[in-house]
Amino acid sequence: MNSIHHHLARALALVALVAAGSIACLGALPAPACAMETVRCTGRPNAEDDKSAIQGATESRITLETSLDAGEGVEQLTLHIPEGTSFSTDDLAVTMLTGDDLMTREEVSYTETVDGQDLVLDFDKPLNDAGHLSVMVYGVYFPQAGGDIQVAASYVANGAEHTLENIPTIPVVGISGTEALSQWLEQQPWVQSWNENRFLRLFFDPTIMVTSFPVVLNGFFMSIAVVALAFPLGIPVALLLAFMRMSKFVLWRGIATTYVNIVRGTPLFLQIYIAFFGLPLAGINVPNFPLGVIVMMLNSGAYMCEIFRAGILAVSKGQTEAARSLGMSGAQAMFYVVLPQMFRMVIPNLTNEFITLYKDTSLLAAVGVMELVMYARTIVASTGSITPYIVAAVFYLVITLPLSKITRHLEERALGHRTRRRTPAAASAAPTSKEA
Amino acid sequence: MPDTATAPATDPILSVRDLHKSFGSTDVLKGISLDIRKGEVVVVLGPSGSGKSTMLRCLNRLEEPTSGQIIFEGEDICASKANVNSIRERMGMVFQQFNLFPHLDALHNVMLAQEKVLKRSKEEAERVAREQLARVGLADRADYFPDELSGGQQQRVAIARALAMDPHVMLFDEATSALDPELVRGVLDVMRELAQGGMTMVVVTHEMGFARDVADRVIFMEGGYIVEEGAPEQVFEHPRSKRTRAFIGQVAS
């Protein structure tokens, strides 16, 4: 919406400028005395999503059109293209448009020389016809950052040098580095042949990979934010549920058991739907993000409850007895003796639960929480390529693969023995120890 | 407390009256009565399943007695208003399986209850812990974790842990039964020293040699009853009951 306004305003300004220029010319000077005048100086729109925009670091074309009077005798035209904009002279097109309606096209013969940013056209014959001279420069790349590009020009007519006045600037939209990289990739032969394969183009288009990366990265941060809140908040919920399930009071046991059974027995997807569509109907409006966190927290609380309960039961009864025999209360024994051992034991299971929870944040996409899949989906919708989903998959793997590896390591370590720094006697007794 | 008198003449520090304990329909203790005086070392012998460990665990209410009375330092510990935590503070217990806290090193195993139960400062608890570890010969193992210690060392740390609470009575529940034979001695030496230092001890064991050398009194249990009770020489050399005689004959052979 905003950008349409933006471009409209810019187009209007351009029209106004050109109009003002011609009015000034017509008003100030009589036609025969009027020398070569700027008619237009434009860049060719080259943006994919906005058909009227000219963007940087993307191939474009500069068209400079000037008006000539009869007998002007223009011998040479010099275009100065500003620093930062590159151009090619390969497909240079220089044409005279003559006749009443300027419909007669005539190729102009010339010799071109390039001097830095100056493009010099020496005409074989001085131009003496009344009409419009059009110069098209191809292979133009405007600066990536964009800005208003001012092309300057001067000409030699009848031996005298003149400056071409009133050349409008070309408004260029800046693009990001990744967009620029994507456009660069698009030009590469290997990318082009890669993309000729339908499968590769659909799933692994390098240009879309590059452009979707920063967008999907936002989604990655959102997904991380959801689990980074939901997981730690789920731990106290789970502990509370675990204690309730092991309570000697039937009521507590009943409440916790019912809750755990319901949450574990129904799909998380359904729980998300109920929370996101049910609560607003009930008049409770919680913003998407916190609601997503709460649902994930309550869900993983139920799963972690079972992990904790199993962990507490796995700590030998003798530990509690030893603690109690030293005069500790039941709560002290639980807190200082049982729970620390329980946590150490359940770390692999907790890591797995974290991995599951992280992957399950994708379900929140269904209710409009902006997370990884949701961000990827927006680009899929605009490009028609599946590649952003593949990028999203990579973002999941970046977290899940190392964590699974750590889990495996922890499980192995739980079976084996601790290696830690020891006195020389102990170290020599254990030759596998790394420290001397 | 009349603790100025010599040991045998004082009132019992621990007195058990008609103690019964059943698990479901199984009667494990069928009426145990026992007095233990301050400074006395009582060794409880008997075949497995005779109820000796259950009896010991009832003394600090790790097992809830079904009926009967246990008076410890003048207080009925089975009373509903009895503060079981403060009673346990004054009764150290050593288990067959050591039950050291595996997530803490030896030093912190000994420090934990001092800080949490006795509310000793960290410095005080550490000082006491090092003292007790030195007493059981493990001053140089303070920063070892239980799984880095041998069974015998673990059991000595467990003894130090109990002693750090300044208990008035120490209960030993088959403290050497889970140890490899070559490690038993170190633990028994610590127990022997403790006995010589005047600690009141109730020791459930199969170590006949220890019973003979250290015990002031030996109790022989079978089938939930005390079958025989007396000085070690008397029980070992002239057992009155033929079941005692059979048991001693079996173990000695």
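**Exercise 1.** Identify the bridge partner of A:His80 in S7(A), and describe how the strands concerned are paired.

*Solution.* In this predicted model, A:His80 is bridged to A:Asp118 of S7(A). The next step is to consider the strands themselves. Strand S3 (residues 74–80) of chain A and strand S7 (residues 118–127) of chain A run antiparallel and are joined by six bridges.

**Exercise 2.** Determine how S6(A) and S7(A) are connected, and which residue in the turn has a positive phi.

*Solution.* Begin with the pairing: strand S6 (residues 110–115) of chain A is antiparallel to S7(A), with six bridges between them. One of the bridge contacts is that of A:Thr113, whose partner in S7(A) is A:Val120. Finally, examine the connection. The two strands S6(A) and S7(A) form a hairpin with two residues between them, and A:Gly116 in the turn has a positive phi of about 65 degrees.

**Exercise 3.** State how many aromatic pairs are found over all chains, and classify the pair A:Phe231 and A:Phe354 by its geometry.

*Solution.* The search of the whole structure gives 13 aromatic pairs. For A:Phe231 and A:Phe354, the ring centres are 5.0 Å apart and the planes stand at 85 degrees, so the pair is edge-to-face; the cut-off for this class is over 60 degrees. Next, locate the residues. A:Phe231 belongs to helix H5 (residues 206–245) of chain A and A:Phe354 to helix H10 (residues 330–360) of chain A, so the pair ties together parts that are 123 residues apart in sequence. A:Phe231 counts as buried because its relative accessibility is 12%, the limit being under 20%.

**Exercise 4.** Classify the pair B:Phe220 and B:Phe247, and decide whether these residues are buried or exposed.

*Solution.* The ring centres of B:Phe220 and B:Phe247 are 5.1 Å apart and the planes are at 50 degrees, so the pair is tilted. As for location, B:Phe220 is in strand S9 (residues 217–222) of chain B, while B:Phe247 is in helix H9 (residues 242–252) of chain B, 27 residues apart. Both B:Phe220 and B:Phe247 are buried.

**Exercise 5.** Name the residues that make the nonpolar surface patch of about 450 Å², and assess the exposure of A:Ile255.

*Solution.* The patch is made by A:Phe249, A:Leu251, A:Trp252 and A:Ile255. Of these, A:Ile255 is placed in helix H6 (residues 250–265) of chain A. Its relative accessibility is 42%, so A:Ile255 counts as partly exposed.

Terms used
Residues numbered from 1 in each chain as written. Chains lettered and ligands numbered in written order. Predicted model: local features only at pLDDT ≥ 70, side-chain atom pairs only at ≥ 80, totals over all residues. Heavy atoms only, no water. Phe/Tyr/Trp six-rings, centres within 6.5 Å; stacked < 30°, edge-to-face > 60°. Helix = DSSP H or I, 4+ residues; strand = E, 2+ residues; numbered from the N terminus. Buried < 20%, exposed > 50% of the residue type's maximum accessible area, 1.4 Å probe, protein only. Patch = residues over 30% accessible without salt bridge, like charges linked within 9 Å, V, L, I, M, F, W, Y side chains within 5 Å. Areas by Shrake-Rupley, 256 points an atom, 1.4 Å probe, with all protein chains shown as cover. Salt bridge = Lys/Arg side-chain N within 4 Å of Asp/Glu carboxyl O. Pairing = 2+ DSSP bridges.
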